[in-house]
Amino acid sequence: MSDFTFLKGSADWWRQAVVYQIYPRSFADLNGDGIGDLKGIIGKVDYLASLSIDAVWLSPFYPSELADGGYDVADYRDVDPRIGTLEEFDELVEKLHARGIRLFVDIVPNHSSDQHVWFQEALRSPKGSRERARYIFRDGRGENGELPPSELASHFGPEGWTRVPDGQWYMHLFTKEQPDFDWSNREVHEEFLQTLKFWSDRGVDGFRIDVAHALVKDLEPLPIRSSYSLEVMKADGTDPLFDRDEVHEIYREWRQLFNRYDPPRVAVAEAWVHPHRRPAYASIEGLGQAFNFDLLTSQWDADAFRGVIDDNLAFAHKTGSSSTWVMSNHDVIRHATRLVIPAGKEGVTFDAENHWYVNHRLDGDLDLAKGLDRAKAATLLMLALPGSSYLYQGEELGLPDVTDIPSDRMQDPQWFRSEGKFKSRDGCRVPLPWESSGPSFGFGPGGSHLPQPSWYANYAVSVQDGKAGSTLELYRAALAIRRKLIQGEKLSWLPSTQGTLWFEREGGWSSFTNFTDVAVALPAGEVMLASSDVSGGKVPANSTVWLKLS
Ligand code: NOJ
Ligand code: CA
């Protein structure tokens, strides 16, 4: 076990931290089997340190049949043998801590894998047994129970109930390989407390909580649902499936456990709820922080960004937490592509993203140069905001999404289960290019579990490393400067023209973004960093500049 005493100190370290998300199966593959592994990550700790990030968040690395990219966990307290061992996990914690980088792991409490020992026991046990009571088993409707217990769709398309050989059905909000736990059962609570303790004792500093707004359900009568859009979710804590007020009792109990550690363990909720309900998840008596995904659904537009920033700073203020910011993660189209997807009449919401992906992904007509400009500008703006930023592996390379993966190589159940009605998330999960040549562009000595396009060579770390003007060097510079600049959490807006945003941070510095397609005058101040060339005294289209105020 690692000694992490040197990382003690401020219990508030997370408030303005930069957290870098690793999708372990696609980061670096040491043994060449085409699947990223812990040894691969250990080999890249110097690279991670070169980014001046504060923490790494590992998406699930647990044993899994990969029905949903690892979010179907078969054992919450082990490492998938294809990814590594617990000893290697300890080594990773130690190496990261030695470089001053903390570690978050992903906890998936709404559902397990159907390969989990509990679910396997439930299948072998009779109706009404203690083993079945850990999940949601019910009799079907119809003369012989042949109809599902209720009309319930799952997130990824068809039915949310699956029948087992003795005729009962179990509920799953995601794939049929992801049975939902029954959180009215105290045993489930105890089990997760053990898991959180297990990883905290191993030196894990924080947890990202998957679908944190689900867990507690009102099952009488059994819920009926055909769509998972936010519009149909009740906004007052009484929805039968999501965001019920009682879910916070679970997190209050988790908080007591977190606070037994020094510094206290931290957590961030993935909670897709009505915005005014988000602060409860970020309560300091609960998880402490919640993802704000509003920038993922915002159009590239100054007013839209300003609205999101104001709303979220106000939410954070309400709970005493700090805000979070996200431009990319493993579930969305990478922002270097997303920010030039036509808004359509719906605006750039997930609907527009899906619509474009399903109907136009192969058209090849997106202006990706503009996409990269906007992505860099958006990232610099984000990193200048008070609160913590979550980065996703590969965005520091300016990677666009891979939108033309052939259907027979895709892995995402969202694509298969919806029969191509929802986008595949594989395009942002393609293994990273570390070199411009080799069997998998340096991902490893073998192949890559998702196909990499030939143009990945141009984005390789080796091509960008040390190269002035590269996206990688821009991220490195921004993160290093940010670390020195960040003081208090205040933001003050400065007057600026239509289509631009300018704000000041404590310590006499400011960030200015030009969202328009034409250059505008450079505001007064000394330029510290810019996402494009400002030497002509102008801020080019789709750019951000950080300025020291005189
Ligand atoms: C959210 C995760 O980010 C996503 O990848 C996963 O499919 C669902 N939760 C289900 O666990
Ligand atoms: Ca491997």
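How many residues does helix α14 have, and how far does it reach from its first C-alpha to its last? I opened the notebook with that one. Helix α14 covers residues 471–485, which is 15 residues. I get a reach of 21 Å, close to the 21 Å expected at 1.5 Å a residue. Note to self: this is a predicted model, and every value here is computed from it.

**Entry: which side of α14 is covered**

I listed the buried residues of α14 next. They are T471, L472, L474, Y475, R476, A478, L479, R482 and L485. An α-helix has 3.6 residues a turn, so residues three or four places apart point the same way. With that in mind I reread the list, which includes L474, A478, R482 and L485. Two arginines, R476 and R482, are among the buried residues too.

**Entry: the calcium ion**

Which residues hold ligand 2? The calcium ion is coordinated by D29, N31, D33, I35 and D37, at 2.3 to 2.4 Å. D29, D33 and D37 each use OD, and N31 uses OD1. I35 gives O. Along the chain I wrote the donor spacing down as D-x1-N-x1-D-x1-I-x1-D.

Then I checked cover on two of these donors. Is D29 buried or exposed? D29 has a relative accessible area of 3%, so I call it buried, the cut-off being under 20%. N31 comes out at 51%, and because exposed means over 50%, N31 counts as exposed.

**Entry: ligand 1**

I moved on to ligand 1, which has 13 residues around it. D68, H111, D210, H330 and D331 come nearest. By class, I have 7 charged, 4 nonpolar and 2 polar residues in this shell.

Which distances do I get from side chains to the oxygen atoms of ligand 1? For D210, a polar side-chain atom lies 2.7 Å from an oxygen atom of the ligand. For H111, an N or O atom of the side chain is 3.0 Å from a ligand oxygen. R425 also has a polar side-chain atom at 3.0 Å from an oxygen of ligand 1. How much of ligand 1 does the protein cover? On its own, ligand 1 has 290 Å² of accessible area, and the protein covers 96% of that.

**Entry: H335**

I found H335 in helix α9, residues 335–338. Its relative accessibility is 3%, so H335 counts as buried. The side chain of H335 makes a polar contact of 2.8 Å with the side chain of S328.

**Entry: two loop residues**

Where does E220 sit? E220 is in the loop between β9 (206–209) and α6 (247–258). At 71% relative accessibility I have E220 down as exposed. I also looked up its separation from N312: 92 residues in sequence, and 35 Å in space from C-alpha to C-alpha.

S437 is in a loop as well, between α12 (413–417) and α13 (461–464). S437 has 49% relative accessibility, and because exposed needs over 50%, it counts as partly exposed. S437 and L58 are 379 residues apart in sequence, and their C-alphas are 27 Å apart.

**Entry: K538**

Last lookup: K538 belongs to strand β19, residues 538–539. I noted it as partly exposed, at 45% relative accessibility. How far is K538 from V520, in sequence and in space? The two are 18 residues apart along the chain and 5.5 Å apart in space, C-alpha to C-alpha.

Technical notes:
Residues numbered from 1 in each chain as written. Chains lettered and ligands numbered in written order. Predicted model: local features only at pLDDT ≥ 70, side-chain atom pairs only at ≥ 80, totals over all residues. Heavy atoms only, no water. Donors = N, O, S within 2.8 Å, 3.2 Å for Na, K, Ca; no water. Buried < 20%, exposed > 50% of the residue type's maximum accessible area, 1.4 Å probe, protein only. Near = heavy atom within 4 Å. Polar contact = N/O pair within 3.5 Å; in protein donor to acceptor, adjacent residues only side chain to side chain. Areas by Shrake-Rupley, 256 points an atom, 1.4 Å probe, with all protein chains shown as cover. Nonpolar A, V, L, I, M, F, W, Y, C, P; charged D, E, K, R; others polar. Helix = DSSP H or I, 4+ residues; strand = E, 2+ residues; numbered from the N terminus. Expected span 1.5 Å × (residues − 1).
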